[in-house]
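Trainee: Could you take me through one part of this model up close? I'd like the surroundings of a single aromatic side chain, and then whatever connects to it.

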Amino acid sequence: MFKIMNLRKKGCFILLSVLLVHVVGGNVVFNVEHKFGGRGRAVLKELKAHDVRRHGRMLAPADFQLGGNGNPTGSGLYFARISIGTPSKDYHVQVDTGSDLFWLNCAGCNNCSTKTTLGIELTQYNIHASTSGKSITCEQDVCAAMFEGESSECKVGKPCEFEVKYADGTKVAGNFVKDRVNLDQVSGDYKTSPLQGNIAFGCASKQSGDLAGSSKSAVDGIIGFGSLNSSLISQLAASGTVKKKFAHCLDGVKGGGIFAIGQVVEPHVNSVPLLSNKSHYTLPLDHIEVGGQVLNIPTYKSESKSSQAAILDSGTTLAYIPSKVYKALIDKLREKQPELKIHRFEGVHDCFKYSGKIDDGFPAVTFKFKGNLSLTAYPHDYLFETKNEWCFSWQDGGDVMKDDDATYLLGDMLLSNNLFQYDLEKKTIGWTQYDCSSNIKVKDETSGNVYTVGAHNISSASTMTFTFFFSLISFLCYLLLK
């Protein structure tokens with residue numbers, strides 16, 4: 001099992017010497033594309049299966065179980081095109097704020113997918129084809145930094161191995177390697193210039209379960225943006241290259257958006273503290289309002305008494321509600337439409353026939369958080385049309401929450417059309433409603449310059465493809481200036 005050591009103090013010094021990224025202060029940009037196309041293009045069962053696998057990972061107390069699949073709503077996982085190695089090759093990886101590890105399928109991988117329906121060419125990483133690629137062995141500090149203590153099974157001179165277990169039993173295993181990453185540095189308003197750095201990542205040699213072989217939505221790997229030491233942002237922050245901050249803005253209207261690491265100076269957001277001792281981006285939930293009325297459900301007042309909490313994850317599509325709350329929510333949503341005949345579609349969604357305007361016939365649902373922050377889902381957000389029926393995107397969390405009856409998982413259904421700022425140094429999250437098809441302003445702390453970064457579409461194949469513009473704002477550490 002892949003175990004990541006909590007080295008927020010020690011790891012900074014270990015990774016500084018091993019994973020130093022040779023970049024100058026400025027902004028870096030990735031182009032990121034939605035894994036599936038527009039609304040309704042994925043199978044509903046795949047959508048639910050994707051979120052079940054992801055959530056099983058997210059609620060694990062120690063071991064992170066990663067997952068990935070598509071969605072029919074146009075706001076799920078995203079894949080980025082990233083260039084690695086010397087000479088450089090392009091790879092397409094899922095961008096996942098709910099996980100930490102960056103890994104690629106490697107040459108000779110057992111059961112790794114070689115075909116995909118996403119309109120991209122799959123490429124397996126080959127360390128022997130890159131003059132800058134290096135293996136990582138057990139005695140190296142970077143190997144120890146990836147694990148919770150030294151492993152008795154990891155011997156001097158042996159490859160530093162990893163294994164990721166998914167909630168459905170899927171596994172990805174391989175060795176850690178280090179190579180050059182070729183990025184795009186933001187050098188002006190809507191401008192970029194070449195930039196290179198080095199980073200450690202997993203080289204997957206074996207897959208099993210849902211990811212293996214014939215996955216229709218296969219990509220070349222996953223790039224995690226969690227807060228643990230194995231994530232890209234943590235490695236860059238440990239080397240003094242970036243600040244441990246990032247922001248995303250998903251456009252739920254036109255598709256596309258912005259994802260930035262570093263200091264966003266415009267728009268301004270109000271922030272609240274993250275819950276302590278949580279592995280993921282989790283906030284205390286105060287109450288839920290339906291049509292402006294407080295939903296009558298139990299609300300815990302103290303975190304020590306297992307208060308209601310919400311995990312915010314841009315890699316999850318829908319919103320998962322504790323079982324004890326789900327029925328109350330659906331009943332409240334139906335108050336204005338008591339004649340609705342609801343049936344279960346494909347065993348996943350509660351659906352019904354409706355000929356009126358959904359925004360007129362159903363109420364908005366608002367999640368109220370401490371600090372006077374809220375997230376609102378309007379009917380056009382939580383209802384989607386398929387086969388001449390309307391279906392609720394709300395899900396009973398009992399299937400994925402297991403024994404947790406006080407935690408909500410809020411995906412893109414709630415997160416879209418808001419700019420979120422994550423400050424992992426101060427351990428806060430803030431957001432504001434925003435037009436995610438426009439632009440944001442980011443600050444280069446080395447020069448003090450402020451640059452404009454806008455949404456960008458990397459696909460010319462279809463206007464239905466949801467695209468995502470991913471920018472990394474890099475900063476030169478004081479130690480690098482000495």
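Mentor: Here's a walk outward from one tryptophan, through its strands and sheets, with a few other spots at the end.

Some ground rules to start with. This is a predicted model, so local features need pLDDT of at least 70 and side-chain atom pairs count only at pLDDT 80 or more, while totals for chains, interfaces and linings use all residues. Residues are numbered from 1 along each chain as its sequence is written, and side-chain values use heavy atoms, with hydrogens and water left out.

Our tryptophan is Trp394, which sits in strand β24 (residues 394-396). Helices (H or I, at least four residues) and strands (E, at least two) are DSSP runs, numbered from the N terminus. Trp394 has a relative accessible area of 0%, so it is buried; that word means under 20% relative accessible area, with exposed being over 50% and partly exposed in between (1.4 Å probe, protein chains only).

What does Trp394 contact, leaving aside its neighbours within four places in sequence? Taking contact as heavy atoms within 4.5 Å, the list is Ala319, Ile321, Tyr326, Leu329, Leu333, Val365, Phe367, Ala377, Tyr382, Met413 and Leu414. On the backbone side, the C-alpha atoms of Trp394 and Tyr320 are separated by 6.2 Å, although the two are 74 residues apart along the chain.

Trp394 also turns up in the largest nonpolar core, which has 70 residues; Phe367 and Trp394 are those with the most contacts inside it. The largest share of this core, 5 residues, comes from helix α5 (residues 323-333). A nonpolar core here is a set of buried Ala, Val, Leu, Ile, Met, Phe, Trp, Tyr and Cys residues joined through side-chain atoms within 4.5 Å. In soluble globular proteins, nonpolar side chains tend to be buried together. Apart from this core lies another, of 14 residues, including Trp103, Val142, Val172 and Ala204.

Now the rings. Trp394 belongs to one aromatic cluster with Phe352, Tyr354, Phe362, Phe367, Tyr382, Phe392 and Tyr408. Rings of Phe, Tyr and Trp (its six-membered ring) pair if their centres lie within 6.5 Å; planes under 30 degrees apart count as stacked, over 60 as edge-to-face and the rest as tilted.

Two members of that cluster lead us into strands. Take Tyr408 to begin with: along strand β25 (residues 407-410), Tyr408 and Leu410 point one way, Thr407 and Leu409 the other, and all are buried. In a regular strand the side chains alternate between the two faces of the sheet. Two strands pair if DSSP finds at least two bridges between them. β25 pairs with strand β16 (residues 309-312) in the parallel sense over 4 bridges, and Ile311 stands opposite Leu409 there. With strand β17 (residues 319-321), β25 runs antiparallel, and 2 bridges join them; Ala319 has Leu410 as its bridge partner. Ala319 is also one of the Trp394 contacts.

Next, Phe392. In strand β23, Phe392 has Leu383 opposite; β22 and β23 (residues 389-392) pair in the antiparallel sense over 4 bridges. They're part of an open sheet of 4 strands, in the order β18-β19-β23-β22, with antiparallel pairing. β18 (343-345) and β22 (383-386) stand at the edges with a single partner strand each, so one side of each has no neighbour in the sheet. The twist averages 45° from one strand to the next.

β16 has one more link: Thr282, in strand β14 (residues 282-290), is in contact with Leu274, Leu275, Ala309, Ala310 and Ile311, leaving aside its neighbours within four places in sequence. Thr282 has a relative accessible area of 4%, so it counts as buried.

Back to rings for the last stop. The structure holds 18 aromatic pairs. In one of them, Phe162 and Phe176 have ring centres 5.3 Å apart and planes at 40°, so the pair is tilted. Phe162 lies in strand β6 (residues 161-165) and Phe176 in strand β7 (residues 171-188), so this pair ties together parts that are 14 residues apart in sequence. Phe162 and Phe176 are buried. Phe420 and Tyr422 make another tilted pair, with ring centres 6.4 Å apart and planes at 35°. Phe420 is at 0% relative accessibility, so it counts as buried, and Tyr422 is buried at 0% too.

Methods:
Axes are lines fitted to C-alpha atoms, for helices over the stretch in contact, and angles run from 0 to 180 degrees between N-to-C directions.
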